[in-house]
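Please read the following paragraphs with the model open beside you. They move from one chain to another and pause at single residues on the way.

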Amino acid sequence: MKLGYYPGCALHGSSNDYEQSLRACLAALQVELAELEDWICCGATAAHSLNRKLSIALPARNLALAEAAGHTELLAPCPLCSMQLMNAARALADEETQREMSRVVEGEVNGTTRVLNLIQVFESVGLDRLKAAVKAPLESIQAACYYGCLLTRPPDTVQFDDFEQPHSMEAVLAAVGAKTVAWNYRTECCGAGMTMASEDTVVELSHRILENAAAHGASCIVTACPMCHVNLDMKQTEIRKRYGSPGPMPIYYLSDVVGLALGIAPEALGVDRHFVRVS
Amino acid sequence: MESLAHTRLADCYQCGKCTAGCPVSGQMDVPPNQLIRFLQLGQAGKALSAESIWQCVSCQTCTARCPKQVDCAASLDALRQVSLARGVTSPARERVVLFQRAFLDNIRRNGRLNEVELIAEFKQKAFLRDRNVSLLMADAGLAPKLITRRKFHLRGERVKDRDLIRNIFARCNGGAEK
Amino acid sequence: MSRIGVFICWCGENIARTVDCAKVAEEAAKIPGVRCAVDYKYMCSDPGQALVRDKIAAERLDAVVVASCSPHMHLRTFRKAAARAGVNPYRVEMANIREHCSWVHQDRGEATAKAIDLVRMMVAKVRHNKPLDAIRVPVTRRALVIGGGVAGIQAALDIADAGYEVVMVEREPSIGGKMAGLSETFPTLDCSQCILTPRMVDVGQHPRIKLYSYSEVEALDGFVGNFTVKIRQKARYVDISKCTGCGECWNVCPLKKNPSEFDYGMGFRRAIYVPFPQAVPARPVIDKNVCAKLIRNGCGLCEKKCQAGAINFKDEDRIVEEKIGAVVVATGYKLYDIGKNGNGKVHGYGEYGYGRYKDVIDSLQFERLVSASGPTNGVLKRPSDGAVPKHVVFISCVGSRDNAKGLPYCSKICCMYTAKHTMLYKHKVHEGQAHVFYMDIRAGGKGYEEFVRRAIEQDGAKYYRGRVSKITEENGKLIVRGADTLAGFPVTIEADMVVLAAAMMPADGVEELAQKLNVGYDQYGFLLESHPKLRPVETNAAGIFLCGACQGPKDIPESVAQASAAAGKVAITFAATELTREPEIARINEQTCAACFTCVRTCPYHAIDRAEIRNRRGELVKRTARVNPGLCMGCGTCLAVCPSKSADLDGFTEQQIYSMIESLA
């Protein structure tokens, strides 16, 4: 399988461990990633907060690149990027917007590329195939699957899974032999893009999530979002300083867990580069 | 406001489900349902200068759960844009604006985010505004750890076609600032 | 040559303001065949009608055109007036110069010219109107009542008490419906079963009511006064004519842990069971999906124990036919499916955890929890661990008024029963606290507002104006995250139990039933009344009436009132020895009919049959379509589809239509 690939800034910045992880993991599953040539930032929260037109135009440029490269499917592992891309694609369905955006980004763009998140790539590979490829079933972990906001929301835009009671990540983990816990903060927000601008908010929201996962017996949290990973992993010391709890909670990318089950070495996945070290 | 948010504010019947599910509504001066209410009443001013429009974390819970399918999160996006355009943004939340402006500036220059540059620029601007040393130094301890984990690109990435990026920004700013 | 009178009405100012009525009269008088044309201020008034009658006598008129309002408004009025003066009522026509002319035009000259054209067309039409006689059909004075809840019970008893026979069909093993499972009823807090069960017994014992329980309507044929209903009696595996209801059978049944439908899954029943002690008929039924004998030929203890020999494991569904003259549909409601997600019309509330958290229940389950006959014998214990809940959250509008979940309408009764629930709870758990999340309180009704205020002021229920966004469970507590929009902040309550006031929806299968009965229904499946104000219990199918929640969300008093109204309509239908119907119906020229039967397939009222013409020796001459005058509604669809031009409509013949068009040339 060959997919267009839009890493987004985070995966080429402080979340480059996520890129390392998913590249190693998908390579083992014979998923080939064709990175978009000269892709640009999706604009993220700043764009949709400050300038609606820009928040359509920036992802539209990337969609134009994907279309020009002939990709029918595009992996955007960061849910904020994929939401921005899908939102732009939806806006492009309007003919006038489509014409205007083609002019703004200096290239024909129609928004016809299907944008995939990481879970959907595993689903395309096939959970049965995934199961068959497992070399080291992860029976010892009790994972709390954490979807965060934008994998499933806004539902009209992303149209993925049940936004109140999602189950797709648990299904992937079940396929690789990992146990998952039932907990309550699977779709609550960690504070996302406010990491720098309003750290208090992030610390408070992320604390609730860590606390709830721990209370429900999780031995780790699994996420498919670079921002969630930053907030939950990097801020744990700060959180513990303020609230005194919970104890260290390893935060894995979904591709870490799948990769480990496929027998890939933790260092090859970049797991050693997380803040909360895993014994 | 409605056209900017692509939603119909008259549909809102003020059930408060947005406020009920909002992860930060407990700290807000004006909760989401009241922001919409001010818009319904034609008193946008009170909403535009509210702190809460900058406390929003854009988690989309309000939009996802709205029984009347009002796009509340997009309405807050619209409020932020008009608030800036009219210069009525709450001074208490300028930090957020500073950060987001610095973020977009960074993209305009590089095409991709240069985190080190962004942090430096944001911290500098924020410090010049509020002279808050502890905020300036917050997270400073993280930097060495990020470097040992090879999580920083000190030089950052830049796209090749930077003229295009500047053009895109120019074309979009004409529309948004009016 | 016809002798036609034309009567032009001013309708006060309504027509005269825009149309020059005198001019219309002047022009009408010139049309060939018109003997006289007059205008008058109010033609429908007593003097106006007298004018029509006088002119008929004086000018010896044989046809009349009234140019005034819509025929919907006054055609019947003028036909009656003309009939009294000796003109066949079907030789009276109306030209609509109000809705079709004066109300929609401004220019007086043009409006007047159009009014003249409209009159000219009607004169052309009425010239070819054949005198017709109303159709008379006999009446079977026996009613079918579908559904044995409180509405069906009331309708059946009223019809039976009026002296007519009733056939009642109930698909559950017992009548009683939802009301039989309720605890106490608002706004008086009288015991639901105490007021309902005597009425159920009355139905069971009434000499003129024939009860088919555990049965469903399979098909309905015929027309008003002359229906035949096919009823499917589902295999009960108990011969209720032999059974004495002694209870030996269910006492020996070893399969005890089947969720009870009557207790909404919160209590248990055996495989052979009566749904509740006061059931009518008080006869058991065997659940074929769990009975060991029926599944794998095991057990059979009940059969051995039954001294009456009433158990019959070989029982099968039976179809019976009954002749009836009118139908009352009273199929009631069900609750919105809260736990459901995705697919279909409703989306469920994943955020409320119904179905995952045992202590999140719906309003009918709560009724059973506080009911003396319920699974806890009326002691309020929460389902998960039997603890007495100290904080209970009640949430209104779950499914109702929620476009995102599929139902924009208000379910009307939830505000009232939620107030009642808080009271019943407080009366049972004195130290407990009831919390209610609501959007608006809708308490229109006698004593209703006072009742809600009592719940708040005397019984201390805390009301919060806002919806709940999410419910989670932490350490045995349900964390309810809502908002108080009056105070303007989010509210979190740690509750021991949550009760969801789920929306009212039409009962399962109502759309299929509506199709069998040829009755309309709305997008949610509620059956359609003929007119929302003036014909609230009639349907568009003659002889079929509605009552109760199958027509829309309703409380008990309204359902009962509507049931009596429907019974009254049935009694009116049965008061005549024969029924008359409008004779403007389709007719098939059986000589030219090519027997393609396109009309049979397209007739929306199933009013055209396949017929055979035979000679005296009984040999087939030809096949033809034939209109059933009892069913035909005169819609004209058959005319449009008939390839051999063999269908025509009395009162609207093609000849008439063409001459109307030609009159304009």
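Two strands are said to pair if DSSP finds at least two bridges between them, and both helices (H or I, at least four residues) and strands (E, at least two) are DSSP runs, numbered from the N terminus. The model is a predicted one, in which local features need pLDDT of at least 70 and side-chain atom pairs count only at pLDDT 80 or more, while totals for chains, interfaces and linings use all residues. Residues are numbered from 1 along each chain as its sequence is written, and chains are lettered from A and ligands numbered from 1 in the order in which they are written.

A good place to begin is strand 18 of chain C. C:Val328 stands opposite C:Phe545 in strand 29 of chain C, and three bridges join strand 18 to strand 29 (residues 544-546), the two running parallel. Strand 18 of chain C also pairs with strand 6 (residues 142-146) of chain C, in the parallel sense and over four bridges, and here C:Ile146 stands opposite C:Val329. Are the two faces of strand 18 of chain C covered or not? Both are covered, since C:Ala326 and C:Val328 on one side and C:Val327 and C:Val329 on the other are all buried, where a residue is buried if 20 or more other C-beta atoms lie within 10 Å of its own, exposed if 12 or fewer, and partly exposed in between, with C-beta atoms placed from the backbone.

Elsewhere in chain C there is an open sheet of five strands in the order 20-27-21-22-23, with parallel pairing. Its edge strands are strand 20 (360-362) and strand 23 (462-465) of chain C, each of which pairs on one side only. Neighbouring strands of this sheet are turned by 20 degrees against each other on average, direction ignored; for such angles, axes are lines fitted to C-alpha atoms, for helices over the stretch in contact, and angles run from 0 to 180 degrees between N-to-C directions. Within the sheet, strand 21 (residues 391-398) and strand 22 (residues 433-438) of chain C pair in the parallel sense over five bridges, and C:Val392 has C:Ala434 in strand 22 as its bridge partner. Helix 13 (residues 414-428) of chain C packs on the sheet, touching strand 21, strand 22 and strand 27 (497-502) of chain C, and its direction makes about 170 degrees with that of strand 21; two residues are in contact if their C-beta atoms, placed from the backbone, lie within 7 Å.

The loop between strand 21 and helix 13 of chain C holds C:Arg401, whose phi is near 50 degrees, a positive value in a residue other than glycine. C:Arg401 counts as buried because it has 22 C-beta neighbours inside 10 Å. C:Asn518, in the loop between helix 15 (510-517) and strand 29 of chain C, likewise has a positive phi, of about 65 degrees, although it is not a glycine, but with 15 C-beta neighbours inside 10 Å C:Asn518 counts as partly exposed.

Chain A comes to 15 helices and eight strands. Its radius of gyration, taken over C-alpha atoms, is 18 Å, close to the 19 Å that the globule rule gives for 279 residues, so chain A is as compact as a globular protein of that length; the rule is 2.2 Å times the number of residues to the power 0.38. Buried residues make up 62% of the 279 residues in chain A.

Helix 10 (residues 168-175) of chain A shows this burial in detail, its buried residues being A:Ser168, A:Met169, A:Val172, A:Leu173 and A:Ala175. They cover an arc of only 160 degrees around the axis, which puts them on the same side of helix 10 of chain A, the arc being that of the directions from the helix axis to the C-beta atoms. Among the elements they pack against are helix 7 (118-125), strand 5 (142-146) and helix 14 (254-261) of chain A. Just after helix 10, A:Gly177 takes a positive phi of about 85 degrees.

Finally, chain A meets chain B in a contact that takes 47 residues from chain A and 49 residues from chain B. The largest share of the side of chain A, seven residues, comes from helix 3 (44-50) of chain A.
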